Amino acid sequence: MTQPVIAGADGSAPSLRAVMWAAQEAALRKAPLLIAHTALRWTNDVPLAPQPHHWGAAAEATAWELLRQAAERAQTGTDVHTVTTDILDGPAAEALADAARHAQLLAVGTRGRGGFAGLLLGSVSRDLATRCPCPLIVVGPPPPCQNTHIVVGATGEPGQEPVLRFAFEEARLRGRPLHAVHAWTHPHATPGRPQPLVYDIDAVGQEETLLLAEALAGWREEFPDVTLTEETLHTHPAKALIDASHNAELVVAGATARRTATLGPTTSILLHHSHAPIAVIRHPPA
């Protein structure tokens, strides 16, 4: 059975955009779409009876209605063939991450109905970025113009293979060019070679350009049908990706899979300020 694409829905505008993004992706992948709403039916996982006052027949009816509306919108706006809905039990990030263990990818909005209007990123999307077992797509406001390429942040370090593979596969799936961005602020420090206090920016820039080219060489051969461009910049990686996101259909970034639930600074900043949807791909440490 083909693994589904999942979209988290709570009736908010960002979540509806995530539903439509997931529906388009499911159609491209010829995969079923599951639209999920989460509900904390029980408190602290203790089977209380009766149920807490904030969940009852009225709340359940409201949840199923918003799911019905989301499914109807997904089916009328895309070519997705199979759409199902479900109410997941538990805290939102935990329940969605658990469901995502059997999914191709999970799409959520930047923030949900329960967030504060001034926040650019909600707690659910932030928490999922650290724990989602499959690629996570965080969908923000609609872009101001039609965008036609994919951007990937390439570090040039070992361990980033899942990030690059997803970016190349997504570019091929969508028939889009792929733009690889590599940014640096200081020369790389390696064992036995500490970071120098003084260095030649042009010389280091040439080394970083070569590092990017070497990191992408094998991928060019594996995906000859993907048009690839490379860019090396002397700036903070987050700024480089935010700037590149202005004209992007999707930005692909990595999150190191560690035991502690933390995001690196680049992906964390990007989640707050990207102008395009972001795919967060967890990968092992270098």
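## A tour of the predicted model, starting at Leu178

Select Leu178 first and display what surrounds it: setting aside neighbours within four places in sequence, Leu178 is in contact with Ile150, Val151, Val152, Ala167, Phe168, Ala171, Val226, Thr227, Leu228 and Thr229. Please keep in mind throughout that the model is a predicted one. Leu178 belongs to the largest nonpolar core, which has 47 residues, and together with Leu33, Ile35, Ile137 and Val252 it touches the most other members of that core. Apart from this core lies another, of 35 residues, and its members include Leu96, Ala103, Cys134 and Val138. As background to both selections, nonpolar side chains in soluble globular proteins tend to be buried together.

Now zoom out and colour by secondary structure, which shows eight helices and 10 strands in the chain. Of the 286 residues in the chain, 45% are buried, and among contacts between residues at least 6 apart in sequence, 78% join residues at least 24 apart.

**Helix H1 and its two partners**

Select helix H1 (residues 13-29) along with helix H2 (residues 57-77), and look along the place where their axes come within 9 Å and cross at roughly 45°. H1 and H2 are therefore oblique to each other, and their crossing is right-handed. To see the contact itself, show Leu16, Val19, Met20 and Ala23 on the H1 side, and Ala70, Arg73, Ala74 and Gly77 on the H2 side. By class, the residues of this contact of H1 with H2 divide into six nonpolar, one polar and one charged.

Keep H1 on screen and add helix H5 (residues 161-174), whose axis comes within 10 Å of that of H1, the two crossing at roughly 80°. Because angles of 65 to 115 degrees count as roughly perpendicular, that is how H1 stands to H5. Here the residues to display are Trp21, Glu25, Leu28 and Arg29 of H1, which meet Phe166, Glu170, Leu173 and Arg174 of H5. This contact of H1 with H5 comprises four nonpolar, no polar and four charged residues.

Stay with Arg29, which is found in helix H1, and list its contacts beyond four places in sequence: Arg29 touches Val5, Gln104, Leu105, Phe166, Glu170 and Leu173. For Val5, a distance label from C-alpha to C-alpha should read 8.9 Å, although Arg29 and Val5 are 24 residues apart in sequence. Is Arg29 buried, exposed or partly exposed? Its relative accessibility is 23%, so Arg29 counts as partly exposed.

Step on to Lys30, in the loop between H1 and strand E2 (33-39). Lys30 is exposed, with a relative accessible area of 70%, and its phi is near 55°, a positive value in a residue other than glycine.

**Helices H3 and H4**

Next, select helix H3 (residues 92-99) and helix H4 (residues 123-131), which pack at an angle of about 40° with their axes 9 Å apart. That angle makes H3 oblique to H4, and the crossing of the two is right-handed. On H3, show Ala92, Ala93, Glu94, Leu96 and Ala97, which meet Val124, Asp127, Leu128 and Arg131 of H4. The contact of H3 with H4 has six nonpolar, no polar and three charged residues.

With H4 still selected, highlight Ser125, Leu128, Ala129 and Thr130, the buried residues of this helix. What covers the buried residues of H4 includes H3, strand E4 (105-109), strand E5 (136-139), E9, H8 and strand E10 (278-283).

**Helix H7 and the loop that follows**

Finally, move to helix H7 (residues 237-244), where Ala238, Ala240, Leu241, Ile242 and Ala244 are buried. Show the elements against which these buried residues of H7 pack: strand E6 (150-153), strand E7 (178-184), strand E8 (228-234), strand E9 (250-256) and helix H8 (265-273).

End the tour at Ser245, which sits in the loop between H7 and E9. Which residues does Ser245 touch, not counting those up to four places away in sequence? They are Val251, Ser274, His275 and Ala276. Ser245 and His275 are 30 residues apart in sequence, yet their C-alpha atoms lie 5.3 Å apart in space. A surface display should confirm that Ser245 is buried, with a relative accessible area of 0%.

Terms used:
Residues numbered from 1 in each chain as written. Heavy atoms only, no water. Axes fitted to C-alpha atoms, helices over the stretch in contact; angles between N-to-C directions. Helix = DSSP H or I, 4+ residues; strand = E, 2+ residues; numbered from the N terminus. Parallel < 35°, antiparallel > 145°, perpendicular 65-115°, else oblique. Left-handed = near helix turned anticlockwise from the far one by under 90°. Contact = heavy atoms within 4.5 Å. Nonpolar A, V, L, I, M, F, W, Y, C, P; charged D, E, K, R; others polar. Core = buried A, V, L, I, M, F, W, Y, C linked by side-chain atoms within 4.5 Å. Buried < 20%, exposed > 50% of the residue type's maximum accessible area, 1.4 Å probe, protein only.
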